[in-house]
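User: Please introduce this structure to a newcomer through questions and answers.

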Amino acid sequence: MVSQITRGIKITVLTSFEGTYFKNYKIHFAFSYEITIENHSKDSVQLTSRHWEIFDSLNDLEYVDGEGVIGKKPVLKPGEQHTYSSGCLLSSPYGAMKGYFNMINFTSTKSFRVIVPTFRLCAPFALN
């Protein structure tokens, strides 16, 4: 588990290796991650979009941008949290992800970024 606080917004990430499977004559390594977003600030905020950098030890760095998270743009009042689960496929048993969420502060109406700390994606058999 990793966590980080940016401007009063705490991001916590838990990861899990889900297994391997073959597709198009190639092995894939499936990982899931659960992200909890906690609002420790005094203002209500809304997550509007996300940016990911996905590192796969056997591939080039991949960038993914999109609206919200899993089809939602959660609004968090002070003290509230939002948890969601997602996943990714890698060509190797080892990789990592990091990124940020773009958010809006409803009090100031200003946009800001919340950092998602780097989290490792590692199949247990790949650990040394």
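User: Is Glu67 buried or exposed?
Analyst: This is a predicted model, in which local features need pLDDT of at least 70, side-chain atom pairs count only at pLDDT 80 or more, and totals for chains, interfaces and linings use all residues. Residues are numbered from 1 along each chain as its sequence is written, and side-chain values use heavy atoms, with hydrogens and water left out. Buried means under 20% relative accessible area, exposed over 50%, and partly exposed in between (1.4 Å probe, protein chains only). Because the relative accessible area of Glu67 is 56%, this residue is exposed.

User: Which residue does Glu67 meet in a salt bridge?
Analyst: Side chains of opposite charge can pair when their charged atoms come close. A salt bridge is defined as a side-chain nitrogen of Lys or Arg within 4 Å of a carboxyl oxygen of Asp or Glu. The partner counts as partly exposed, at 41% relative accessibility. At 2.9 Å from N to O, the side chain of Glu67 meets that of Lys73.

User: How many salt bridges does a search of the whole structure find?
Analyst: One of them joins the side chains of Lys42 and Asp43 at 3.7 Å, N to O. In that pair Lys42 is exposed, with a relative accessible area of 71%, whereas Asp43 is buried, at 13%. The search of the whole structure finds three.

User: How many residues apart are Glu53 and Lys98?
Analyst: The side chains of Glu53 and Lys98 meet in a salt bridge of 4.0 Å, N to O. The pair links distant parts of the chain, with Glu53 in strand 4 and Lys98 in strand 8 (residues 94-105). Glu53 is partly exposed at 22% relative accessible area, and Lys98 is partly exposed at 38%. Along the chain, the two are 45 residues apart.

User: How many strands does the protein have?
Analyst: Helices (H or I, at least four residues) and strands (E, at least two) are DSSP runs, numbered from the N terminus. From that end on, the elements run β-β-β-β-β-β-β-β-β. The count of helices is zero, and the count of strands is nine.

User: What is the area of the nonpolar surface patch that includes Phe55?
Analyst: Patches are made of residues with over 30% relative accessible area and no salt bridge, where like charges are joined within 9 Å and nonpolar side chains (Val, Leu, Ile, Met, Phe, Trp, Tyr) within 5 Å. Phe55 lies in strand 4 (residues 45-56) and is partly exposed, with a relative accessible area of 38%. Areas come from the Shrake-Rupley method with a 1.4 Å probe, and for residues only the protein chains shown count as cover. Phe55, Leu61, Tyr63 and Tyr94 make a patch of about 390 Å².

User: Which strand gives the largest share of the lining of the largest pocket?
Analyst: On a 1 Å grid over the protein atoms alone, a pocket is an open set of points where a 1.4 Å probe fits, with protein on both sides within 12 Å along at least five of seven lines, and lining residues have an atom within 4 Å of a point. About 160 Å³ of space lies in the largest pocket. Of its 14 lining residues, the closest to its centre are Tyr33, Trp52, Val64, Ser86 and Gly87. Five residues, the largest share of the lining, come from strand 7.

User: What percentage of the residues is buried?
Analyst: The C-alpha atoms fill a box of roughly 50 × 25 × 20 Å, taken along the principal axes. The protein has 128 residues, and the buried ones make up 44%.

Key
Points joined across faces, edges and corners; volume = space filled by probe spheres on them.
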